[in-house]
Amino acid sequence: MALIGRLFVIFLGFCAACLVGGAIVVFSILFPELSALDTGVVDPNTINILLGFGFIFISGFALIPAILVVLITEAFYIRSVIVYALGGAAVGLACYLGLIPYDPATMSFDGIVRRHLEVMTGAGIVAGLIYWVIAGRNAGAWRQPRRAPPQPDATAKP
C-alpha cells in the first residue's frame, strides 16, 4: 500500500515539476516580447495556450530521462537536493539535445543556440528542485517498515 501512495506522490511531483519547467521555458522565450514597450498588452489567452503547450511539451520529452533519475534516487535512497538539481539539469539538457539535429558523420550537434541550452538546463534545475520539495525528500521511504508507536510501560506505577 505504501508503494501505491509513493507512486501517486511521484506522479504529482513530476506533473508539478513539468508545469513549472514549462512555465519557465515559455516565459523565457516570451520575455523579449513581454519587455518591449511598443507591442502593447499580450493577450492572456495566448499565455494560457502557451503554458499548456509548454507543459505538454516538457512532460512529453522529459518523461524517460526523469523516470531514470527517479528510479536511481528511489533505489538508492538518495534524498540530496543537489542530486535532484543536477538530475534536473541533465533532464533539461537531454530534452534540448533531443530537439537538435545530430550529424553522425561529424559526431556533433548542429545548430545549438546557447541561450536555449541555458534556458532548458535552468528550467530543468528548477523542475528538479520542485520535484525534490514534493517527492524527493522522502525517496525510498516506502521500503522502510513503519515504526510501531511506543507502548506504555505496564510495570510503571501511576
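## Helix packing and a few notable residues

Setting aside neighbours within four places in sequence, serine 28 touches two residues, Arg115 and Val119, where contact means heavy atoms within 4.5 Å. Serine 28 belongs to helix α1, residues 2-35. Helices here are DSSP runs of H or I with at least four residues, strands are E runs of at least two, and both are numbered from the N terminus.

Before going further, keep in mind that this is a predicted model: local features need pLDDT of at least 70, side-chain atom pairs count only at pLDDT 80 or more, and totals for chains, interfaces and linings use all residues. Residues are numbered from 1 along each chain as its sequence is written, and side-chain values use heavy atoms, with hydrogens and water left out.

**The overall layout**

The protein has 4 helices and 2 strands, and reading along the sequence gives α-α-α-β-β-α. Of its 158 residues, 27% are buried; buried means under 20% relative accessible area, exposed means over 50%, and partly exposed is in between (1.4 Å probe, protein chains only). If you take contacts between residues at least 6 apart in sequence, 79% of them join residues at least 24 apart.

**How α3 packs**

What does α3 pack against? One partner is α4: the axes of α3 (residues 81-99) and α4 (residues 114-134) come within 7 Å and cross at roughly 140°. Axes are lines fitted to C-alpha atoms, for helices over the stretch in contact, with angles running from 0 to 180 degrees between N-to-C directions. The two helices are therefore oblique to each other; on this scale under 35 degrees is roughly parallel, over 145 roughly antiparallel, 65 to 115 roughly perpendicular, and the rest oblique. The crossing of α3 past α4 is right-handed: the near helix is turned clockwise from the far one by less than a right angle, and anticlockwise would make it left-handed.

On the α3 side, the contact includes Val81, Tyr84, Gly88 and Gly92, and on the α4 side it includes His116, Met120, Gly124, Gly128 and Trp132. Sorted by class, this contact has 13 nonpolar, 6 polar and no charged residues. For the classes, Ala, Val, Leu, Ile, Met, Phe, Trp, Tyr, Cys and Pro count as nonpolar, Asp, Glu, Lys and Arg as charged, and the others, Gly among them, as polar.

Another partner is α2 (residues 44-75), whose axis comes within 9 Å of that of α3, again with a crossing of roughly 140°. So α2 and α3 are oblique too, and their crossing is right-handed. Here Phe57, Phe61, Ala62, Pro65, Ala66, Val69 and Thr73 of α2 meet Val83, Tyr84, Gly87, Val91, Ala94, Cys95 and Leu99 of α3. The class count is 12 nonpolar, 2 polar and no charged.

**The bend in α2**

Where does α2 bend, and by how much? The bend is about 55° at leucine 63, with proline 65 following within four residues; the bend at a residue is the angle between axes fitted to the seven residues ending there and the seven starting there. Buried residues in α2 include Ile47, Gly54, Ser59, Ala62, Ala66 and Glu74.

**Individual residues**

Here's how five residues compare in accessibility.

| Residue | Relative accessible area | Class |
|---|---|---|
| Serine 28 | 15% | buried |
| Tryptophan 142 | 32% | partly exposed |
| Tyrosine 77 | 35% | partly exposed |
| Asparagine 138 | 40% | partly exposed |
| Methionine 107 | 64% | exposed |

Most residues other than glycine have a negative phi. Tyrosine 77, not a glycine, has a positive phi of about 55°, and it lies in the loop between α2 and α3. Methionine 107, also not a glycine, has a positive phi of about 55°; it is in the loop between β1 (102-103) and β2 (108-109).

The segment after α4 holds tryptophan 142 and asparagine 138. Tryptophan 142 is 137 residues from glycine 5 in sequence, but 8.5 Å from it in space, C-alpha to C-alpha. Leaving out neighbours within four places, tryptophan 142 is in contact with Ala2, Leu3, Arg6 and Glu74. For asparagine 138 and arginine 6, 132 residues apart along the chain, the C-alpha separation is 9.2 Å. With the same neighbours left out, asparagine 138 is in contact with Arg6 and Arg79.
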